[in-house]
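This report walks through one protein model, beginning with the terms a newcomer needs and moving on to its sheet and its helices. Please keep the picture in view while reading.

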Amino acid sequence: MSNEEVANLFNVRSHNPSFFAVKDSKAYQGELLDFCIPVNLHFPPPELSQMIRNDLGEILRYYPDYAEVHERHIGELTDLPPETIVAANGSTEIITLLCQQAKGAIVTSVPTFSRWTDLPEELQVPLYPILRKREHGFRLEVDEIVRRVKDVGARTLVISNPNNPTGAWLTLEEIKRLASSLPDLDSVIIDESFIDFSDLGTAAARVVDSPNLVIVKSMGKSLGWHGLRLGYAVAEPRRAQSLRARLPFWNINGLAAYVLKTVTHFKQEFRESFVRVAADRRYMTERLSTVAGLTLYPSKANFLFVALPDGMSGRKLRDRLLKNYGLMVRECSNKIGSSEQYLRLAVQTSAAVDVLVPALRKELGRFNTAQDAQITGTLTTGTLTTGTITTGTAGVPPALSVANNRHT
Ligand SMILES: Cc1ncc(COP(=O)(O)O)c(C=O)c1O
């Protein structure tokens, strides 16, 4: 495959090509190692896969259960009241609904999961970004978020916690302070899709006392099965009911329904899998820190955000890693507020990391020569100044023009 063909494979808007598209392209002849899609590699246990195989005939033959059954099962898994849960065909279904319902401007931080920036554009809802700054370790302060929301008169705030792709986070205390500072907004949405991989507390139990708080949660990342298309929202019961009423009947397919029903038997394995991912993240962080020229940022998610040396093309590096080593990585130039200087590397097993690290050393050659061997990559401490972070210039910065900013 030519270099141009490999580059074209990735020339898709906002997202990466699917794993299947890369595999089918034969860009690499051997087995691919995926650092692109952050997914739990320590779940599901083989017993659960075997149960599916055994029951597949029935799973596919019959109609699945109704929403209330799924919500009861999610409640059993999460210890949340079922009446606050809205089951969805992936959290993207909920994200779509919430953006469609938004009346007035949305504030969100960038870079972030692209649906949170692309949907407002598609729906012509004004979007005001808060730029996560490199010099602040991509972290945000509660006060700057509140100020931005008030300055632009937004009706909806969306914060992903931990954030994709940076891995930066707010503590539960900070989320509580954020929500209680914005009681008049229509929605304070916290996307906790990666929170299971962290030691952060969820804000989901707060919805009962905060009618404008909505938690969005993808389950595919945690279950290790994105293809199931499972997610949910948590909201105050009346809000939950109004969201539920707008979703299609039978939005949860039979296979996903079966997993929801049976996964509660594997609660311990589920919890333990996150401990194993955290250990993988530590190993990967340590090993990547030995690659001179890379800058790593603290992450509580199952991916690491890394900066390449100034002037190095992330796109070219991505293509070389795929063609020469079968390594798939996510370069972040098509995320608003990011650039091709950044890679998001999904946490992988130690065996896979031991393939990635020498490949990166070789590709970042001039930083990793014998002479430079003592210079190791930098892990930023995440220590932050508490000063004000402002985006834009004087007055209220304009709403985002996505077309102009996609590559910034
Ligand atoms: C922060 C965030 N929220 C939601 C999603 C969508 O997940 P799902 O597969 O449940 O639709 C993603 C996907 O990457 C994500 O990064």
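## Terms and ground rules

A residue is called buried if 20 or more other C-beta atoms lie within 10 Å of its own, exposed if 12 or fewer do, and partly exposed in between, the C-beta atoms being placed from the backbone. Helices (H or I, at least four residues) and strands (E, at least two) are runs assigned by DSSP, and they are numbered from the N terminus.

The model is predicted, and local features need pLDDT of at least 70, while side-chain atom pairs count only at pLDDT 80 or more and totals for chains, interfaces and linings use all residues. Residues are numbered from 1 along each chain as its sequence is written.

## The chain as a whole

The protein chain contains 15 helices and 14 strands, and of its 408 residues, 44% are buried. Two residues are in contact if their C-beta atoms, placed from the backbone, lie within 7 Å. Among the contacts in the protein chain with a separation of 6 or more, 75% are between residues 24 or more positions apart.

## The open sheet

Seven strands make up an open sheet of mixed pairing, in the order β2-β8-β7-β6-β5-β3-β4, where two strands pair if DSSP finds at least two bridges between them. At the edges lie β2 (85-88) and β4 (127-131), each of which pairs on one side only. From one strand to the next the twist averages 20°; the axes behind such angles are lines fitted to C-alpha atoms, for helices over the stretch in contact, and angles run from 0 to 180 degrees between N-to-C directions.

Strands of a sheet pair through backbone hydrogen bonds, either parallel or antiparallel. Parallel pairing is found between β3 (residues 106-110) and β5 (residues 156-160), which are joined by three bridges, and here valine 107 has leucine 157 of β5 as its bridge partner. Strand β6 (residues 187-191) also runs parallel to β7, with four bridges between them, and valine 188 is matched with leucine 213 in β7.

## Strands β7 and β8

Which residues of β7 are buried on its two faces? Leu213, Ile215 and Lys217 are buried on one side, and Val214, Val216 and Ser218 are buried on the other, so that both faces of β7 are covered. Put as a count, six of the six residues of β7 are buried.

Four bridges join β7 to β8, and these two strands run antiparallel; valine 216 stands opposite alanine 233 in β8, and serine 218 stands opposite glycine 231. In β8, Gly231 and Ala233 point one way while Tyr232 and Val234 point the other way, and all of these are buried. Strand β8 is also joined to β2 by four bridges, again in an antiparallel arrangement, and isoleucine 85 has valine 234 as its bridge partner in β8.

## Helix α4

Helix α4 has 12 residues and reaches 16 Å from its first C-alpha to its last, close to the expected 16 Å, a span that is reckoned as 1.5 Å times one less than the number of residues. Its buried residues are His70, Glu71, His73 and Ile74. Seen down the axis of α4, these buried residues fall within an arc of 160°, so they line one face of the helix; the arc is that of the directions from the helix axis to the C-beta atoms.

The cover over the buried residues of α4 includes β2, β8 and α11 (254-263). After α4 comes aspartate 79, whose phi is positive, near 65°.

## Helix α13

The 12 residues of helix α13 (residues 314-325) should span 16 Å at 1.5 Å a residue, and its end C-alpha atoms are 16 Å apart, which agrees. Buried in α13 are Gly314, Arg318, Asp319, Leu321 and Leu322. They cover an arc of only 160° around the axis, which puts them on the same side of α13.

Tyrosine 325 also has its place in helix α13, but it counts as partly exposed because it has 19 C-beta neighbours inside 10 Å. Not counting residues up to four places away in sequence, tyrosine 325 touches Val355 and Ala359. Tyrosine 325 and glycine 30 are 295 residues apart in sequence, yet 8.6 Å apart in space, C-alpha to C-alpha. The helix α13 is followed by glycine 326, whose phi is positive, near 70°.
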